[in-house]
Amino acid sequence: MAVGIASCSKSASYYRKNLDDAEKLMWTNVDSAMAMLDNIDPSYLKVDSLRAKYHYLVAFGHMRQNRSMIGDSLVAFAHNYYRGKDITRDIRSGTAYAWYKFWVGDTPGAITMLDSIVSLSNIPDSLIAPTLRIRVLLGASEYQGNTLIPYARRLMTIETDTPRQIEAKYMLLSAYEYAEQLDSALMLSEELIEYARSHNWGDKQFIFELERAQILGEMGRTAESDEVVEGIFRKSSPNNGAADYLHMQLAMNALNSGNLSRAAKELAVADSFAAKFRKEDDTYYRSYSNLLRSMIDFKQNGKMKLVHVNGLNNRQQERYNRAKASQWESERSSLHQQGRALALKAESEHKTVVILVITLFAFLILASAVWIIRHRRHRERENEERAEALQKMVDELKSAPAQVQTESHTPTALRRAMLQQLGIIKMVAETPTEQNREMLRKISSIESDTEGELVNWNNVFELINTLYSGFYDKLHGAYGETLTPKEEQIIVLMIAGFSTKEISVITGQTTSTIYVRKSSIRKKLGVPEKEDIVTFLRERSYY
């Protein structure tokens with residue numbers, strides 16, 4: 001039972017080791033780490049330290065995998081547990097908790113929490129960098145400018161990986177744009193373009209050049225902006241995958257310079273490319289193109305059309321609906337995972353019950369087997385002791401001189417010896433092992449051969465005569481011609497108090513045969529059906 005229970009319920013040390021292994025893998029192979037965590041049922045984690053570590057690692061793993069964190073609400077418990085106890089897990093669980101807030105729609109709350117973490121002092125750069133990276137990312141999504149600039153600068157200085165540094169510099173460029181520090185933004189764009197050109201980062205160079213065109217357009221340097229866009233077209237085909245955004249930039253430049261007809265023309269070209277490239281997935285593009293179209297129309301006609309307002313609103317509504325649909329899908333996936341976890345738990349508990357029942361039955365069988373073995377050994381030990389005692393008696397009888405006369409030949413002593421001899425026969429009948437049978441044959445054959453029988457029947461008849469007032473002689477005299485020898489043997493053993501089973505052992509017959517012979521005896525002696533044979537003989541003074 002102990003083995004069964006141990007196999008079903010794992011110890012805290014088992015879970016602690018698995019959690020430690022998952023934490024080590026989290027930075028090198030996050031998928032393997034999450035697979036290890038999936039095999040742990042959190043309902044079995046009764047210790048707060050294990051529960052906190054599990055929920056912290058699961059949430060942190062989801063964040064690293066960029067998966068939905070809708071179901072990671074318990075990361076708040078983990079963060080509260082580690083606060084002030086473990087600085088590394090405090091910061092990482094806090095970052096995961098902030099990312100959870102972002103996933104459930106509380107972006108301001110997430111930013112506030114990240115601000116409190118990155119403001120901590122004496123934290124190693126390697127530990128604070130991932131948190132600061134997320135803070136800058138969320139700040140950019142909220143179009144923060146002056147607030148975001150110091151964070152982006154700090155991130156750019158502590159990043160050790162070159163691609164990360166370039167990413168941080170690009171975030172700083174966006175922060176400058178949102179803060180309308182366009183000169184600084186333009187300078188950074190030129191640095192990024194030069195770096196991408198020198199390292200043959202074609203895709204990155206395209207993005208940085210498009211960003212430079214947008215900055216120049218916002219600065220009112222539309223001609224330079226147009227030149228940058230035309231330069232992109234010259235380096236790539238006019239039919240490149242971003243042609244819609246390039247023509248949209250040309251439309252914005254034309255609008256800013258007052259050339260409405262050119263702006264409308266460029267926007268129409270951009271729309272045609274968007275229809276070709278984006279097909280049904282053009283919501284993001286249309287959120288900009290509809291705004292630009294409404295501005296061109298307003299400039300041309302001096303009035304705002306409701307259709308344009310509706311278009312803007314519809315695009316925003318589409319984005320909102322898609323975001324909500326994504327959130328609902330994430331919640332449904334989370335519920336599905338929780339349901340699967342509950343199903344696995346129920347299955348595990350069912351297996352546990354089955355194992356415990358099987359273990360209990362095995363325990364009962366084992367206990368029964370042990371009891372039977374001990375009982376048999378006990379009986380064997382008793383039989384051996386009896387056999388030794390019988391052997392000793394035989395040896396003493398064989399070694400005693402025939403002429404020795406003892407003072408024990410008194411009638412009382414003689415009767416006691418005969419009763420002991422009869423008791424030996426009865427003991428063998430009660431425990432008919434092969435050893436006991438052999439001992440009885442030896443004792444019975446001391447004076448003469450038993451001819452294969454267990455006892456010397458002549459001696460037995462003498463014992464019965466002596467102990468029961470000549471019973472055998474009386475019986476044989478009255479029914480000697482009617483009864484068979486076997487029937488006489490049965491009757492004298494019945495008189496001596498032997499049971500049917502014991503009689504079957506001594507006479508070498510089955511119990512069924514003994515019952516048949518008893519029926520025959522009853523008929524031959526004239527014993528009534530319901531009267532006992534021994535009582536019948538006693539009443540007729542046979543002994």
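This report describes selected residues and helix pairs of one predicted protein model.

The model is predicted, and local features are described where pLDDT is at least 70, side-chain atom pairs count only at pLDDT 80 or more, and totals for chains, interfaces and linings use all residues. Residues are numbered from 1 along each chain as its sequence is written, and side-chain values use heavy atoms, with hydrogens and water left out.

**Two aspartates**

Helices here are DSSP runs (H or I, at least four residues), numbered from the N terminus. D41 is located in the loop between helix 3 (30-38) and helix 4 (48-65). With a relative accessible area of 18%, D41 is buried; the term buried stands for under 20% relative accessible area, exposed for over 50%, and partly exposed for values in between (1.4 Å probe, protein chains only). The side chain of D41 forms a polar contact of 2.8 Å with that of S43. A polar contact is a pair of N or O atoms within 3.5 Å; within protein, one must be able to donate a hydrogen and the other to accept it, and residues adjacent in sequence count only if both atoms are side-chain atoms.

D48, by comparison, belongs to helix 4. Its relative accessible area is 40%, so D48 is partly exposed. Leaving aside residues up to four places away in sequence, D48 touches F77 and Y81, where contact means heavy atoms within 4.5 Å. D48 and F77 are 29 residues apart along the chain, and 9.3 Å separates their C-alpha atoms.

**Residues with positive phi**

Most residues other than glycine have a negative phi. The table lists two residues that have a positive phi although neither is a glycine.

| Residue | Phi | Loop | Relative accessibility |
|---|---|---|---|
| N66 | about 55° | between helix 4 and helix 5 (75-82) | 56%, exposed |
| E180 | near 60° | between helix 10 (162-178) and helix 11 (182-198) | 69%, exposed |

**Helix 6 and helix 8**

Helix 6 (residues 87-103) packs against helix 8 (residues 125-141) at an angle of about 15°, and their axes are 9 Å apart. Axes are lines fitted to C-alpha atoms, for helices over the stretch in contact, and angles run from 0 to 180 degrees between N-to-C directions. The two helices, helix 6 and helix 8, are therefore roughly parallel to each other; this term covers angles under 35 degrees, while 65 to 115 counts as roughly perpendicular, over 145 as roughly antiparallel and the rest as oblique.

From helix 6, I87, T88, I91, R92, T95, W99 and F102 meet L127, I128, T131, I134, L137 and L138 of helix 8. The residues of this contact comprise nine nonpolar, three polar and one charged. Ala, Val, Leu, Ile, Met, Phe, Trp, Tyr, Cys and Pro count as nonpolar, Asp, Glu, Lys and Arg as charged, and the others, Gly among them, as polar.

**Helix 23 and helix 24**

How do the axes of helix 23 (residues 500-507) and helix 24 (residues 511-525) cross, and at what angle? They come within 9 Å and cross at roughly 105°, which makes helix 23 roughly perpendicular to helix 24. T500, K501, I503, S504 and T507 of helix 23 make the contact with T511, I514, Y515 and K518 of helix 24. The residues of this contact divide into three nonpolar, four polar and two charged.

Helix 23 is mostly covered, as seven of its eight residues are buried. The buried residues are T500, E502, I503, S504, V505, I506 and T507. Just after helix 23, G508 has a positive phi of about 75°.
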